[in-house]
Amino acid sequence: MKGKQAISATLFMSFLVMVTRGKDVQYKRQEEDNTQILSYHRVNKTIVMQPNSFPVWMDIQTLPSDEPSTIECPTGTIPILHTNGSDTIAAHSYDGQLESAGLIYQGDVYGVRGVLNVWEPKVNKYSKDSSAMCVEMKSGGEQHTDMIGAGVRVFPTLSGDTFVRFHISWYDVLYKKSCIDFSCPGFVQVSHRVGLGARIRSPSVYRGKQTVIHIQIFKDPVSKNWWLTYEHVAIGYWPSALFEFHRNKGDAAFWGGIVEGPTASSNSPQMGSGHFASEGYGGAAFVKNIQLANNEKGYFDTPNNSQVRPESSDKSKYTVERFEYSKYVGMRIFYGGLGSDKAY
């Protein structure tokens, strides 16, 4: 998409669209126990937004053939996930215990991107825990008060099933809590085809076909907003005013796996493929083409080795190994693990 384009997003409740078991979205379709709803939510104003610096390769109208489950919403509307037939927007935070395994960068961050290997880790549907494969930006020093992230996640409490789905997350300074998708006001969605919470149709198969998605978060140097793209398609943005430290830049980045929730440490779910990093390609989850923008011009490049480190919060449950670089995959890591023996 070249030049400037004004995008209006008028959200209104018109009819319900049911999304179940990864099938193409159909109107008024429901299955007995696993019901997700994408609807059009009414608000009392129209959001008019004019991006100032879309890269010329970015497109907000087309998607590749391996896109997640989508719906072609009417012009000016966006899909919003509901759960289990509820009439309210799915509102879940996921504060609690946390474990992670991945690559950590420390330094100035104006954008992050990577190619995520998509798996469907096992998560106990009664635990209220989740398991994510994601990229994140943080700021605020050791406390990392501000955070924004995107990727895929298995979150039964949110979705009502154990499928892997596309989600975003951030830390809301005003409410002092972690937010996912539309659980807190703030993220402005502009894509009318990809809904937050959309199921990834074909996750990777152990020693079989590997599924990947491209995720990028970058700062618009004019508006100062933080934009999110999926497969080079603009999904939406976080206004910089949402954040205390992110208004200018981040000071840390992360690529890898995160499990969190009330029992994420005491009864940990799987991460990634559910296999340790040592199993490599086809066995363990990976992130490749790891890059970041470390100046306001927004140019992405591979991080300096001296500023990144692979790290696991609990090596008995999750590992990260084979941190490497090549001209074919860029910077890459493998990560993941079984978690606790009886978590699921």
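These legends accompany several close-up views of a predicted model. Residues are numbered from 1 along each chain as its sequence is written, and side-chain values use heavy atoms, with hydrogens and water left out. Because the model is predicted, local features need pLDDT of at least 70 and side-chain atom pairs count only at pLDDT 80 or more, while totals for chains, interfaces and linings use all residues.

**View 1. Phe-187 and Trp-238 form an aromatic pair.** A search of the whole structure finds five aromatic pairs. Rings of Phe, Tyr and Trp (its six-membered ring) pair if their centres lie within 6.5 Å; planes under 30 degrees apart count as stacked, over 60 as edge-to-face and the rest as tilted. Here the centres are 4.9 Å apart and the planes meet at 65°, so this pair is edge-to-face. Phe-187 sits in the loop between strand S12 (177-180) and strand S13 (188-189), and Trp-238 in strand S16 (residues 233-238), 51 residues apart. Strands (E, at least two residues) are DSSP runs, numbered from the N terminus. Both Phe-187 and Trp-238 are buried, that is, under 20% relative accessible area with a 1.4 Å probe and protein chains only.

**View 2. Phe-286 meets Phe-334 edge-to-face.** Look for ring centres 5.9 Å apart and 65° between the planes. Phe-286 belongs to strand S18 (residues 285-293) and Phe-334 to strand S22 (residues 330-336), so the pair ties together parts 48 residues apart in sequence. Phe-286 is buried at a relative accessible area of 2%, and Phe-334 is buried at 0%. Tyr-281 joins these two residues in one aromatic cluster.

**View 3. Strand S7 pairs with S17 and with S20.** Two strands pair if DSSP finds at least two bridges between them. Strand S7 (residues 97-109) runs antiparallel to strand S17 (residues 250-261), with eleven bridges joining them; Gly-102 has Gly-256 as its bridge partner in S17. Five bridges join S7 to strand S20 (residues 308-312), again antiparallel, and Tyr-105 is partnered by Val-308 in S20.

**View 4. Leu-228 belongs to the largest nonpolar core.** A nonpolar core is a set of buried Ala, Val, Leu, Ile, Met, Phe, Trp, Tyr and Cys residues joined through side-chain atoms within 4.5 Å. This one has 51 residues, and Ile-217, Leu-228, Trp-238 and Trp-255 have the most contacts inside it. Leaving aside neighbours within four places in sequence, the contacts of Leu-228 (heavy atoms within 4.5 Å) include Phe-166, Phe-187, Ile-217 and Trp-238.

How values were computed. Helices (H or I, at least four residues) and strands (E, at least two) are DSSP runs, numbered from the N terminus. Buried means under 20% relative accessible area, exposed over 50%, partly exposed in between (1.4 Å probe, protein chains only).
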